[in-house]
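This report describes the fold, selected secondary-structure elements and the ligand surroundings of one protein chain. Please consult the sequence and coordinates alongside the text.

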Amino acid sequence: MISRRDFLGMALAAGAASLLPLNAHAATGKVVVIGGGVGGATFAKYMKMKAPQIEVTIIEQNPIYIRPYGSSEVLNGHIDMSDLEVSYDALRNKYGVNVIIDKAVGLDADKRIVTTASGAKFPYDRLVVSPGIELLYDRLEGYSREVAETKAPSGWIPGSQTALLRDQIKNMRQGGTFLIVAPPNPYRCPPGPYERGALVAEWMQKYNPTGKVIITDPKNEFVTGPDMRLGWNRMYGYNVPEDLKSGMPTLKQHNEAGMIDWIREVDGGRPLSIDATKMQVETEQGFIKADVINVVPPMKAGKVATLFGLTDKSGWCPVDPYTFESKLVANVHVLGDSASASPLPKSGFAANNEAKVAAYAIINLFAGRPVEEPSWENTCYALAGKDYGFMVIGVYGMRDGKIANLPRPGFQTLDVSDAKHRLAAVYQQAWMKSFTEDSFA
Ligand SMILES: Cc1cc2nc3c(=O)[nH]c(=O)nc-3n(C[C@H](O)[C@H](O)[C@H](O)COP(=O)(O)OP(=O)(O)OC[C@H]3O[C@@H](n4cnc5c(N)ncnc54)[C@H](O)[C@@H]3O)c2cc1C
């Protein structure tokens, strides 16, 4: 487990790119940002902090940001929907960012002009695009946006589907089944579906003790896998499969089926279709009936990235890691979940780091200076329960022109004391708050 000192050191390292000395006043220019989520907001804030003379305009389709990170905590009543809301007031009033509530719909890359749904035109020197994800509802036979909005919500982009899912879980019959259909790689928030399963199981222990959580999966592993399985084992009666026990501390052996069942690809967990009328999902191992179904569909870069020609065959946006400039359209930078920046994960933490790197790089480009070599950090804080947390840390730098994993500061997450798991849950909550402040306030 990470010490407090390491923790603070790494929190500082997360902003390392933006703390380097910089004669920002030599740089002038006009930047338009599409998307006021983690990537876009952090970029705009840090750009204005470092180089206030640069004109920064955010085009965001919603007047209030609903944060996806932490949104599973609505499902078990830790927080309300309103706790997910983040205001753009500080960006406007404290940093002088021009925040326009409108939808970006057109790009003239030669003339460098963005058009919005209202018909307004925004000329730029550099365009930054951070539109999050598009959920590919139709990749699962029988699933659609309509089914997601009425019967089997996704909620992976939070909003009314999150609220619907919360109500369905709350109103589920005693002894009912909550089924999560996990997505294929790559996807937003790698530990997310499994954390969601744990949080709903914890809620059930109190309000629906004979209920069950099933996660059916087209994959055999996920980020934070060993830590999460250990939490499931200790708290929800989950028996870790033999082939995943290696390196694990002593596990509880449960004689009865626990509250969580994870059906991997090797066990036939790949989902094939959904019948939302019969409330069942067909998988390679057969049909699973459930009372509440939460589908996390396959995903790709936010729609506007595809519309603007920023995506390649993978559905994501290839970028130059030094600047996050698109490899397909000049003077356009892509941040956050939409960018292909592996091994950086599609997380808010990474989007925030990428935004700082890009802001610093664009200031240098405007000033005619070479860009610096970037570095990044990501910490996946995850909960297996309200008081049971853990974290997995990654540090990244450039190796042979590519983003690479670097050796991490020494710490261990498996087999630590209960107190440390409680502490990690406190860190997770503290991070949620300080991270939102760092990006938006
Ligand atoms: C359940 C869950 C739990 C998570 N937990 C964590 C966590 O613990 N830690 C972590 O680091 N990450 C977590 N994440 C992931 C994190 O929320 C995302 O990785 C992060 O929000 C990505 O930032 P982004 O800027 O790419 O996209 P977003 O934050 O989604 O922002 C995109 C913005 O672009 C806007 N937009 C899109 N298209 C247009 C357009 N055409 N015109 C105008 N505006 C547009 C959208 O309205 C949106 O506001 C979690 C996600 C989920 C779903």
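The sections below proceed from the whole chain to individual strands, a helix, the ligand shell and two single residues.

## Overall architecture

The model is predicted. The chain comprises 11 helices and 25 strands. Its C-alpha trace extends over about 70 × 50 × 40 Å along the principal axes. For 441 residues, a compact globule would be expected to have a radius of gyration near 22 Å, and the value of 22 Å found for the chain agrees with this.

Of the 441 residues in the chain, 49% are buried. Contacts between distant parts of the sequence are also described: where the partners are at least 6 residues apart, 67% of the contacts join residues at least 24 apart.

## Strand E17 and its partner E11

Strand E17 covers residues 292–295, and both of its faces are covered. Val292 and Asn294 are buried on one side, while Ile293 and Val295 are buried on the other. Strand E11, residues 177–181, pairs with E17 in the parallel sense through 4 bridges. Within this pairing, Ile293 of E17 has Leu179 opposite.

## Strand E13 and its partner E12

Strand E13 spans residues 260–263 and is likewise covered on both faces. One side carries the buried residues Ile260 and Trp262, and the other carries Asp261 and Ile263, also buried. Strand E12, residues 212–216, runs parallel to E13 and is joined to it by 4 bridges. Trp262 in E13 serves as the bridge partner of Ile215.

## Helix H6

In helix H6, which runs from residue 160 to residue 170, the buried residues are Gln161, Thr162, Leu165, Arg166 and Ile169. Because these residues cover an arc of only 140° around the axis, they lie on the same side of H6.

The elements packed against the buried residues of H6 are helix H5 (145–150), E11, helix H7 (192–207) and E17. Two of these, E11 and E17, are the parallel strand pair described above.

## Ligand surroundings

The ligand has 36 residues around it, of which Gly35, Gly37, Gly39, Gly132 and Gly336 come nearest. By residue class, the shell divides into 14 nonpolar, 17 polar and 5 charged residues. At least two shell residues are supplied by each of H3, strand E2 (55–60) and helix H10 (348–366).

## Gly40 in helix H3

Gly40 is part of helix H3, which consists of residues 38–50. Is this residue buried or exposed? Gly40 has 29 C-beta neighbours inside 10 Å and therefore counts as buried, the threshold being 20 or more.

Leaving aside residues up to four places away in sequence, Gly40 touches Val33, Ile34, Gly35, Ile58, Val128 and Ser130. Gly35 in this list is also one of the residues that come nearest to the ligand. The contact with Val128 bridges 88 residues in sequence, with a C-alpha to C-alpha separation of 7.4 Å.

## Pro186 in a loop

Pro186 is located in the loop between E11 and H7. Its 17 C-beta neighbours inside 10 Å are the reason why Pro186 counts as partly exposed, a class that falls between the limits of 12 or fewer for exposed and 20 or more for buried. In sequence, Pro186 and Met299 are 113 residues apart, yet their C-alpha atoms are 7.9 Å apart in space.

Methods:
Residues are numbered from 1 along each chain as its sequence is written. This is a predicted model: local features need pLDDT of at least 70, side-chain atom pairs count only at pLDDT 80 or more; totals for chains, interfaces and linings use all residues. Two residues are in contact if their C-beta atoms, placed from the backbone, lie within 7 Å. The radius of gyration is taken over C-alpha atoms; the globule rule is 2.2 Å times the number of residues to the power 0.38. Two strands pair if DSSP finds at least two bridges between them. The arc is that of the directions from the helix axis to the C-beta atoms. A residue is near a molecule or strand if its C-beta atom, placed from the backbone, lies within 6 Å of it. Ala, Val, Leu, Ile, Met, Phe, Trp, Tyr, Cys and Pro count as nonpolar, Asp, Glu, Lys and Arg as charged, and the others, Gly among them, as polar.
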